[in-house]
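Me: I would like a close look at a single part of this model. Please take one strand with its partners and go through the pairing step by step.

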Amino acid sequence: ALSLAEKLTFEFVEATCGGRPFATGGAAEARADQDCVAYDRGGTEERFLLRKEGVEQVLILDRSPGDGPITVTSRVATSMTGHQDGDRIAYRSNGRDAAAISDACAVDADGRRRPVPLELSGDLVRYTVPGEWLAEARYPVHLDPSIGGIITADSDVAGTYFRAVDVAYNSSADEYLIVWNELNPAGAGA
């Protein structure tokens, strides 16, 4: 079984265009509504959206920050072990993948999608959107990976899926708690 004491903190560090920073992380006032927490990152908005399968971080660029590729860097703090697993970064607990960062992509105002590979370097996660794609993009452009748990099908959890996700924000400590419950149809009524 996975330890319920595991914690994963995902923090935006910076976004660069052509190697020059145009948005930085750090302390910022949070705006929250039912399914979204947003931060102003100096002309770029960072949002965390609650989804059925986890949390999605989205950077919204209203206009081009310049010429060249955009690289987004975030820091992950956790006691779990991170490893590259194909096009996602997975975090292991008790010998199993317990959480993952995946599905990084850029989407422009016309709905054009550009999947981008994630890269793990120590505690940093990066992805880069090619400058050629950005030069043809219509703004606003959304950049996002998804952050979520991994449900492994085995004899203990066959048929499990997420039923509900919710978030709580502690403004005095600038902390979020994300919770979910699971429904196991095979175990219903047991």
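Reply: Leu50 has Val55 in β6 as its bridge partner. This is a predicted model, and the pair belongs to a longer contact: β5 and β6 (residues 54-61) are joined by eight bridges in the antiparallel sense. Strands in a sheet pair through backbone hydrogen bonds, in either a parallel or an antiparallel way.

β5 itself covers residues 44-51. Six of its eight residues are buried, so the strand is mostly covered, where buried means under 20% relative accessible area.

β5 also pairs with β4 (residues 36-40), again antiparallel, through five bridges. In this pairing, Cys36 of β4 stands opposite Leu49 in β5. The two strands form a hairpin with three residues between them, and in this hairpin Gly42 takes a positive phi near 75 degrees. Arg41 lies over the face of Tyr39, at 4.9 Å from the ring centre. As for pairs between aromatic rings, the count is zero.

For another example of antiparallel pairing, look at the open sheet of five strands, with the order β2-β1-β7-β13-β12. Its edge strands are β2 (20-24) and β12 (118-121), each of which pairs on one side only. Neighbouring strands in this sheet are turned by 25 degrees against each other on average, with direction ignored. At one end of the order, β12 is joined to β13 (residues 124-129) by four bridges, and these strands run antiparallel. Here Glu119 stands opposite Arg126 in β13.

Note on methods
Residues are numbered from 1 along each chain as its sequence is written. This is a predicted model: local features need pLDDT of at least 70, side-chain atom pairs count only at pLDDT 80 or more; totals for chains, interfaces and linings use all residues. Side-chain values use heavy atoms; hydrogens and water are left out. Two strands pair if DSSP finds at least two bridges between them. Axes are lines fitted to C-alpha atoms, for helices over the stretch in contact, and angles run from 0 to 180 degrees between N-to-C directions. Rings of Phe, Tyr and Trp (its six-membered ring) pair if their centres lie within 6.5 Å; planes under 30 degrees apart count as stacked, over 60 as edge-to-face and the rest as tilted. A charge sits over a ring if NZ of Lys or CZ of Arg is within 6 Å of the ring centre and within 35 degrees of the ring normal. Buried means under 20% relative accessible area, exposed over 50%, partly exposed in between (1.4 Å probe, protein chains only).
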